[in-house]
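Thanks for coming. I will go through a few parts of one model, and you can follow along on the screen.

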Amino acid sequence: MLDRLEHALRARPERPAVLSATRTGATRVSATRGELVELADAYAAALHARGLRPGDTVGVAVRPGPRALAVLLALWRLGLRGAVLDPGAGAEVLRARLALARPALVLADAAAQAVAGWARTLARRARLELPELAGLGPVATVGPRLPGCAPALERGAPRTGVPVYGGTDAADAVIVFTSGTTSRPRAVVHSRAGLAAGMDTVAALFTADPAAGGRCAEPVLGGTFFVLVPSLTRGAPVALPARSPAVLARQLRRLRPRDTYLTPPQLRDALGAGARFGGRVWTGSAPASAALLDRVRAAGADEAWGVYALTELFPAAAVESREKAAFTGAGDLVGAPLPGVRAVADGDGQLLLAGPAARDRYLGERPDPWVRTGDRARLDGAGRIVLEGRCKDMVLRRAENIYPGLYEPGLHVPGVELGVLVGVPAGDGDERLVAVVQPQRGVPEPALRAALSDPLRRMGTARPDALLFARIPLSGRSRKPDRAAASELAAGLLAAGRGGPA
């Protein structure tokens with residue numbers, strides 16, 4: 001698909017490619033299709049002139065947008081391997097894992113160099129951190145330079161004689177680091193074939209709309225490569241979501257995208273700002289409850305989809321809000337495996353996935369066709385994946401193993417923003433099971449306690465020992481609930497006499 005994208009961009013160079021929003025929500029063109037190609041050509045020539053050759057590793061610390069996409073196209077064209085330096089993964093994780101990759105060059109924008117340098121203290125407050133980039137290898141600046149930045153990547157290198165990679169699709173394409181909050185953070189290696197297969201799957205999801213007709217060139221809202229590449233390939237411009245929820249709400253009203261991809265925290269923030277949706281809305285990267293998807297549809301979306309995906313396999317399954325809401329079994333329905341994805345549960349109940357889009361291997365390890373997700377799951381009678389919780393999140397109470405994911409969907413009654421079940425040490429190796437619920441703005445706690453009474457009763461032997469109302473800590477680049485922090489918060493609130501029986 002990246003090959004097709006380059007041809008598509010050259011065919012209509014005058015058309016808008018990447019859009020952004022002003023504070024009023026008005027649309028602004030950040031780059032045309034021709035400007036993207038021009039950037040990619042310049043970056044490819046500069047990298048080739050520096051002596052980089054197929055198989056070399058290039059660290060990439062560039063914010064999502066036109067420059068980052070042009071870097072990806074240049075690396076793909078030359079057969080280079082990109083290592084994505086996400087500041088949300090943590091400096092120690094990146095430093096340790098990159099020691100195996102040994103980047104020949106690090107490309108970084110001014111913001112990334114600030115996070116790794118003079119703004120490190122400020123960035124840590126936002127849980128962003130990069131190692132000293134110069135310690136990883138030579139550094140070149142992509143985009144505008146600020147004082148103290150590395151020299152700019154040359155834009156005037158000769159473009160004649162720059163080769164196009166013609167090697168095997170089994171070659172490495174990208175390294176993505178898992179979150180530093182996990183117990184065993186890893187570097188995930190995707191091959192060129194695997195990366196292309198994942199993008200083809202996303203493209204099939206976006207275009208599987210018989211009512212679309214000639215609307216395929218209508219704008220899409222989303223900021224990930226898996227949204228940018230398929231959308232631009234089919235001719236649709238992509239708008240990067242505004243960071244401010246209020247501006248995002250105005251952006252949605254003015255842009256009226258055919259497809260919107262936002263993370264669950266972005267959706268919750270946008271809904272809180274009064275956003276209205278249209279067309280199809282997609283969300284992933286963190287759990288999305290049926291209640292959240294229903295709120296998106298109530299705010300105007302024709303369809304609201306939850307996408308189950310991992311760093312190791314994107315995407316794996318998808319489910320529309322109506323199907324998810326109709327599910328009455330225990331656990332979290334995330335949908336049927338997408339075409340080409342195989343799903344089985346091992347002897348311990350852990351979900352294993354395989355397919356063309358699965359990662360090739362973890363850096364420094366041997367290839368393995370099966371991705372061990374760390375999720376407990378089962379397949380229902382229709383072959384759909386039902387998650388039962390993270391294996392490591394199990395709570396041991398009175399010799400009973402309780403998997404929160406089986407029961408957490410029951411916490412998401414109307415008026416609940418987010419809800420989790422966590423264990424709090426009770427002594428002698430036992431734990432108390434505590435429900436921590438974050439109300440939507442303006443919803444009174446007594447009303448929520450009454451609404452939760454019946455769902456809590458139906459949990460049977462897994463009924464929580466206590467119910468707390470509090471803002472749930474989030475972590476990582478996808479802002480998932482931070483269960484360890486939520487457990488500490490619950491312990492502190494209970495010790496202070498807050499909360500009551502569930």
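**A sheet, a helix and some loose ends**

Let me start in the sheet: strand 24 and strand 25 run parallel and are joined by 4 bridges. Keep in mind throughout that this is a predicted model. Within that pair, Val436 stands opposite Leu468 in strand 25.

Now the sheet as a whole. It is an open sheet of 3 strands, in the order 23-24-25, and the pairing is mixed. Strand 23 and strand 25 are at the edges with a single partner strand each, so one side of each has no neighbour in the sheet. On average, neighbouring strands here are turned by 25° against each other, ignoring direction. As a reminder, strands of a sheet pair through backbone hydrogen bonds, either parallel or antiparallel.

What lies across these strands? Helix 14 does: it lies across strand 23, strand 24 and strand 25, and runs at about 70° to strand 23. Helix 14 covers residues 483-495, which is 13 residues, and spans 18 Å from its first C-alpha to its last, close to the 18 Å expected at 1.5 Å a residue.

Which residues of helix 14 are buried? They are Ala486, Ser487, Ala490, Leu493 and Leu494. Looking down the axis of helix 14, these buried residues fall within an arc of 130°, so they line one face of the helix. The general background is that an α-helix has 3.6 residues a turn, so residues three or four places apart point the same way. The buried residues of helix 14 pack against strand 23 (416-427), strand 24 (430-439) and strand 25 (466-469). On the other side of helix 14, Glu488 and Ala495 are exposed.

Next, the two ends of helix 14. Asp482 sits in the loop between strand 27 (480-481) and helix 14. At the start of the helix, a side-chain oxygen of Asp482 comes to within 3.3 Å of the backbone nitrogen of Ala484. A polar atom of the Asp482 side chain also lies 3.1 Å from the backbone nitrogen of Ala485.

Is Asp482 buried or exposed? Asp482 has 16% relative accessibility, so it counts as buried, the cut-off being under 20%. Not counting residues up to four places away in sequence, Asp482 touches Arg127, Pro473, Leu474 and Ser475. As for the other end, Gly497 comes just after helix 14 and takes a positive phi of about 85°.

Now a hairpin. Strand 16 (residues 342-345) and strand 17 (residues 350-354) run antiparallel and are joined by 4 bridges. Ala345 stands opposite Leu351 in strand 17. The hairpin has 4 residues between its two strands, and Gly349 in the turn has a positive phi of about 90°.

Last, the N-terminal part. In helix 1 (residues 2-11), the buried residues are Leu2, Leu5, Glu6, Ala8 and Leu9. Seen down the axis of helix 1, they fall within an arc of 165°, so they line one face of the helix. His7 and Ala11 are exposed, on the face of helix 1 turned away from its buried side. The cover over the buried residues of helix 1 includes helix 2 (33-49), helix 3 (66-78), helix 7 and helix 8 (225-233).

Helix 7 (residues 192-207) contains Thr201. With 16% relative accessibility, Thr201 counts as buried. Setting aside neighbours within four places in sequence, Thr201 is in contact with Pro315 and Leu338.

That is my last slide.

How values were computed. Residues are numbered from 1 along each chain as its sequence is written. This is a predicted model: local features need pLDDT of at least 70, side-chain atom pairs count only at pLDDT 80 or more; totals for chains, interfaces and linings use all residues. Side-chain values use heavy atoms; hydrogens and water are left out. The expected span of a helix is 1.5 Å times one less than its number of residues. Buried means under 20% relative accessible area, exposed over 50%, partly exposed in between (1.4 Å probe, protein chains only). The arc is that of the directions from the helix axis to the C-beta atoms. Contact means heavy atoms within 4.5 Å. A polar contact is a pair of N or O atoms within 3.5 Å; within protein, one must be able to donate a hydrogen and the other to accept it, and residues adjacent in sequence count only if both atoms are side-chain atoms. Two strands pair if DSSP finds at least two bridges between them. Axes are lines fitted to C-alpha atoms, for helices over the stretch in contact, and angles run from 0 to 180 degrees between N-to-C directions.
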